[in-house]
Amino acid sequence: MNRLKFKHFLAYGCLAFTMVLPSTGFACEENGISDEILIEKANQGDAVSQNKLGLYFEKGNCGFEQDYYSAASWYQKAAIQGNAYAQFNLGFLYAYGRGVEQDYSQALYWYQKAADQGMPWLSST
């Protein structure tokens with residue numbers, strides 16, 4: 001994806017996607033997995049669980065108090081492992097300075113990592 005298209009996405013598209021994405025995946029006991037098990041799996045390095053905890057902290061869902069710093073920390077752990085959703089979510093936090101210092105170059109970096117893995121809304125096609 002070229003940089004101009006990426007900047008256009010950052011400026012105009014990101015907020016629209018974050019208004020849609022939070023409505024999915026917030027079952028507090030999804031598939032019979034309790035918050036305690038989710039936290040345990042996240043602490044053991046499971047990137048999907050880390051991303052989910054990041055979402056809970058970012059949105060203040062499922063009994064977790066809204067805490068952007070904790071959200072950024074969990075997203076970072078999952079993003080480093082290559083979780084494309086966490087990479088997108090971390091990019092959003094950098095773009096808006098939530099839990100991290102606002103940094104557009106870091107936002108673009110993480111959005112690009114997610115796009116490189118074929119995230120549908122970041123696709124260049």
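A search of the whole structure, which is a predicted model, finds one salt bridge. This pair is formed by Lys59 and Glu58, whose closest N and O atoms are 3.3 Å apart. Side chains of opposite charge can pair when their charged atoms come close. The two partners fall into separate classes of accessibility: Lys59, at 27% relative accessibility, counts as partly exposed, whereas Glu58, at 4%, counts as buried because the cut-off for burial is under 20%.

The fold in which this pair is set is helical, since the secondary structure of the protein comes to six helices and zero strands, and the elements accordingly run α-α-α-α-α-α from the N terminus on. Of the 125 residues in the protein, 41% are buried, and the accessible surface comes to about 6900 Å², with 53% of that area belonging to carbon and sulfur atoms. Among the contacts with a separation of 6 or more, 54% are accounted for by residues 24 or more positions apart.

Confidence in the model varies along the chain. The mean pLDDT of the protein is 81, and 70% of its residues reach 70 or more; by element, the mean is lowest in helix H1 (residues 3–20), at 47, and highest in H4, at 98. Over residues 11–26 the pLDDT is below 50, although this stretch has 24 contacts in the model beyond near neighbours in sequence.

Helix H4, the element with the highest confidence, comprises 13 residues (68–80), which at 1.5 Å a residue should span 18 Å; the C-alpha atoms at its ends are 18 Å apart, so the expected and modelled values agree. At the start of H4, a side-chain oxygen of Asp67 reaches to within 3.1 Å of the backbone nitrogen of Tyr69, and just after the helix Gly82 takes a positive phi of about 100°. The buried residues of H4 are Ser70, Ala71, Ala72, Trp74, Tyr75, Ala78 and Ala79. In an α-helix, with 3.6 residues a turn, residues three or four places apart point the same way. The buried residues of H4 pack against four other helices, namely H2 (35–43), H3 (47–59), H5 (84–96) and H6 (104–116).

The loop between H4 and H5 contains Asn83, which is buried because its relative accessible area of 13% is under the 20% cut-off. A polar atom of the Asn83 side chain lies 3.1 Å from the backbone nitrogen of Tyr85. When neighbours within four places in sequence are left aside, Asn83 is in contact with Ala47, Val48, Asn51, Ala78 and Gln117; of these partners, Ala78 is also listed among the buried residues of H4.

Further along the chain, Phe88 is found in helix H5 and is likewise buried, with a relative accessible area of 1%. The C-alpha atom of Phe88 is separated by 8.4 Å from that of Ala107, a residue 19 positions away along the chain.

Key. Residues are numbered from 1 along each chain as its sequence is written. This is a predicted model: local features need pLDDT of at least 70, side-chain atom pairs count only at pLDDT 80 or more; totals for chains, interfaces and linings use all residues. Side-chain values use heavy atoms; hydrogens and water are left out. Helices (H or I, at least four residues) and strands (E, at least two) are DSSP runs, numbered from the N terminus. Buried means under 20% relative accessible area, exposed over 50%, partly exposed in between (1.4 Å probe, protein chains only). Contact means heavy atoms within 4.5 Å. Accessible areas come from the Shrake-Rupley method with a 1.4 Å probe; for residues, only the protein chains shown count as cover. The expected span of a helix is 1.5 Å times one less than its number of residues. A polar contact is a pair of N or O atoms within 3.5 Å; within protein, one must be able to donate a hydrogen and the other to accept it, and residues adjacent in sequence count only if both atoms are side-chain atoms. A salt bridge is a side-chain nitrogen of Lys or Arg within 4 Å of a carboxyl oxygen of Asp or Glu. pLDDT is the predictor's confidence in each residue, from 0 to 100.
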